[in-house]
Amino acid sequence: MRFSLLLIWSLLVMLPIRHLSAQAHHTPEGFHNPWPGFEDRGLGDLFKWMIWDRITGKKPDRPDTYHFKVEANDGRFLRKNHTQNTITWIGHSTLLIQLDGLNILTDPIWSERASPVQFMGPKRFTPPGVAFNDLPSIDVVLISHDHYDHLDKNTIQRLGNKPFYLVPLGVGDLLKSWGITHFQELDWWDEITFNHLRFVCTPAQHFSGRTPFDRNLRLWAGWVIQGKDKKIYFGGDSGYFPGFQTIGTRLGPFDLAALPIGAYKPRWFMSAVHMDPAEAVRAYLDLKAKIFVPIHWATFDLADEPLDEPPKLLKKAIHKQQLNADNFWILKVGEMRILHDSIQARANKNFNAKNEGQK
Ligand code: ZN
Ligand code: ZN
């Protein structure tokens, strides 16, 4: 009796505390970044960046074309592979991750433009690294947020209802309106197990909206994927924020972190919502990751830096911090790498092999 009273009392006390801390990013006007130091940029700032700076000549002159190396990948290995863990960069934030026999796509976009219409808006500089029809059968699709370069209606409709879509709060309604019903919405720190993989939705510092009327009505996030002996972090768009340390402490260390390194200039406007390459390296260290895979570059022109600048600044940051360059996989579009055993798995294997030998 005394025990159950105590239990009821602690639940009553604990629930509002948990509720408050879990809901700090929910407001009546939509979602927001709840930590101190975050400065929201409004429509006035957007106008200053997109129009005023152009009129007053503050927009930098940049090349019109770039030639990024693309690695030919016809998907043959990927379609046959059910045993090796692999990662393939399709372009922008689209990755094909093969983990423990499941095929996972992140923020899939195969369209020519990251835009609500295909006659205007940011156009691809590089073709998708694997043709859509060459993909293996997709089991899970992870969406980080609703911006056009991450959530592409055409691609989602081509993928159809077979994959299981994991999306941040609010994105499910969009999917439903496109005929997709096989999805689960998650809030920050919510998790779900699908087959034998664990997925955790993690905080990010960004914003959302597809029109002038739906700003911040859908949540933004990053994702953790945990397999048998591999843990991967997929970073959606984010400014550098204290959450990376929290994610590293709560869910790290990671075998691999895919982090955005592009769309960071001008800093006065972009730094709140997009990291520059040096900040992405800080995030990688906070997350306690081993391999770094840069994404969100070389595909769409979304900001003021030259499109080939991000990997140059990334290399500078690696050198400055005296980090092991072998751990930074600056993939070409289309390039696939096999994720070899994690340190822990290798240790277990050696241990088991030794024990086997002693029998
Ligand atoms: Zn975005
Ligand atoms: Zn983006």
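**A zinc pair and two nonpolar cores**

Along the chain, the residues that hold the zinc ion (ligand 1) are spaced as H-x1-H-x58-H-x30-D. Two of these donors come from distant parts of the chain: H147 sits in the loop between β6 (140-142) and α4 (153-159), while D237 belongs to the loop between β12 (231-234) and α6 (243-251), 90 residues apart. The model is a predicted one, and everything described here is read from it.

Looking at the site itself, the zinc ion (ligand 1) has as its protein donors H145 through NE2, H147 through ND1, H206 through NE2 and D237 through OD, at 2.1 to 2.4 Å. The angles among the 4 donor atoms run from 90 to 166°, and the site counts as irregular. D237 does double duty here, coordinating both the zinc ion (ligand 1) and the zinc ion (ligand 2), which lie 3.7 Å apart. As for the surroundings, H147 counts as buried because its relative accessibility is 11%, under the 20% cut-off. D237 is buried as well, with a relative accessible area of 3%.

Away from the metals, attention turns to the nonpolar side chains. In soluble globular proteins, such side chains tend to be buried together. The largest nonpolar core here takes in 70 residues, and F199, L259 and V293 have the most contacts inside it. Leaving aside residues up to four places away in sequence, V293 touches I87, L95, L256, A257, A258, L259, W329 and L331. There is also a second core, separate from that one, with 22 residues, among them F132, V141, L174 and L175.

Note on methods
Residues numbered from 1 in each chain as written. Chains lettered and ligands numbered in written order. Predicted model: local features only at pLDDT ≥ 70, side-chain atom pairs only at ≥ 80, totals over all residues. Heavy atoms only, no water. Donors = N, O, S within 2.8 Å, 3.2 Å for Na, K, Ca; no water. Tetrahedral: all angles 85-135°; square planar, octahedral: opposite > 155°, others 65-115°. Helix = DSSP H or I, 4+ residues; strand = E, 2+ residues; numbered from the N terminus. Buried < 20%, exposed > 50% of the residue type's maximum accessible area, 1.4 Å probe, protein only. Core = buried A, V, L, I, M, F, W, Y, C linked by side-chain atoms within 4.5 Å. Contact = heavy atoms within 4.5 Å.
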